[in-house]
Amino acid sequence: MKHVVLTRKAVLFVLLVCLATFLANSKLAHIDNRFLNMWDLIFDMLYHPYYQLFLFLLFFLFVLSDICDDRPITLYVLLRLNKKSTWLLAKMFLIFLISTLYTLVYLCIITLISLLLYGYSIHWSPGSSNLYHGELIGHIQPVTGFILLAIRYVLSIWFLSILYLFVYASADGYRIVKAVSVTVMLLVINHLFAYRFFVSYVPFLYIHNGYLVTLRLNENGFQSAMVLNAATVSPIVLMLLVLWMRKSKLEFGGS
């Protein structure tokens, strides 16, 4: 039954991403197609904060609930073997695998549709300066920007996933509710507070794709972007270590 639910969610996800990409393309209609290329649509999707936070990441929370919630047979085996380490390793592996595949599908759909609509190019389009990502022109090439965004998308979904597992495995009751509440709060905080607030006070909670603004604000923009990515990795590693050290006290099963 869980496989059927996951399959349906996967199909729904693909349809939503395709729909969002075509809607984003329709918003570019005010600019003549001759002055656009594939990077305008790609960056309009990947550099737009609403799509990252409230489509890409928020939808994955529904997938996480299925990954973390155990079936009765799984609980029976684990309880009999008393192997919480096995349960934890299995969850970690599944979360990293599925979240990475989910990100690749998201990136591939957007890139493929953009290629089909505009063809291939390695440069910014003449019309890019009039779009949301126009602030990046002159600071980075589109391929490099795409790679930095792809890294951010992978790290943001890993962060969200491990945070969900951390809360889910540590909570006593209402585990799904608590895990969803904390992860949604993280998304809202990233939406409400600006780049400078996170960089100044809590860079380790900053998963926003808008971190590319550092390319414009700092002389060593690429290095600053990688430092922010490293800041995102550190709490992921810390949560994994805490989970592993406390594996004997973790709860599994139930909701």
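Start with the surface of the whole protein chain: about 12,800 Å² is accessible, and 69% of that belongs to carbon and sulfur atoms (Shrake-Rupley method, 1.4 Å probe; for residues, only the protein chains shown count as cover). This is a predicted model, in which local features need pLDDT of at least 70, side-chain atom pairs count only at pLDDT 80 or more, and totals for chains, interfaces and linings use all residues. Numbering runs from 1 along each chain as its sequence is written, and side-chain values use heavy atoms, leaving out hydrogens and water.

Switch to cartoon. The protein chain shows 10 helices and zero strands (DSSP runs, numbered from the N terminus: H or I of at least four residues for helices, E of at least two for strands). The radius of gyration is 20 Å, close to the 18 Å of the globule rule for 255 residues, so the protein chain is as compact as a globular protein of that length (taken over C-alpha atoms; the rule is 2.2 Å times the number of residues to the power 0.38).

Show the C-alpha trace. It spans about 65 × 40 × 25 Å along its principal axes.

Now select Asp40, in helix H2 (residues 38-46). Is Asp40 buried or exposed? It is buried (under 20% relative accessible area, 1.4 Å probe, protein chains only).

Next, add His133. Its side chain makes a polar contact with that of Asp40 at 3.1 Å (N or O atoms within 3.5 Å, one able to donate a hydrogen and the other to accept it; residues adjacent in sequence count only if both atoms are side-chain atoms).

Finally, display Leu28, Phe35, Ser125, Ser128 and Leu131, which are among the residues Asp40 touches beyond four places in sequence (heavy atoms within 4.5 Å).

Notes. Buried means under 20% relative accessible area, exposed over 50%, partly exposed in between (1.4 Å probe, protein chains only). Lys and Arg count as positive and Asp and Glu as negative; His and the chain ends are not counted. A salt bridge is a side-chain nitrogen of Lys or Arg within 4 Å of a carboxyl oxygen of Asp or Glu.
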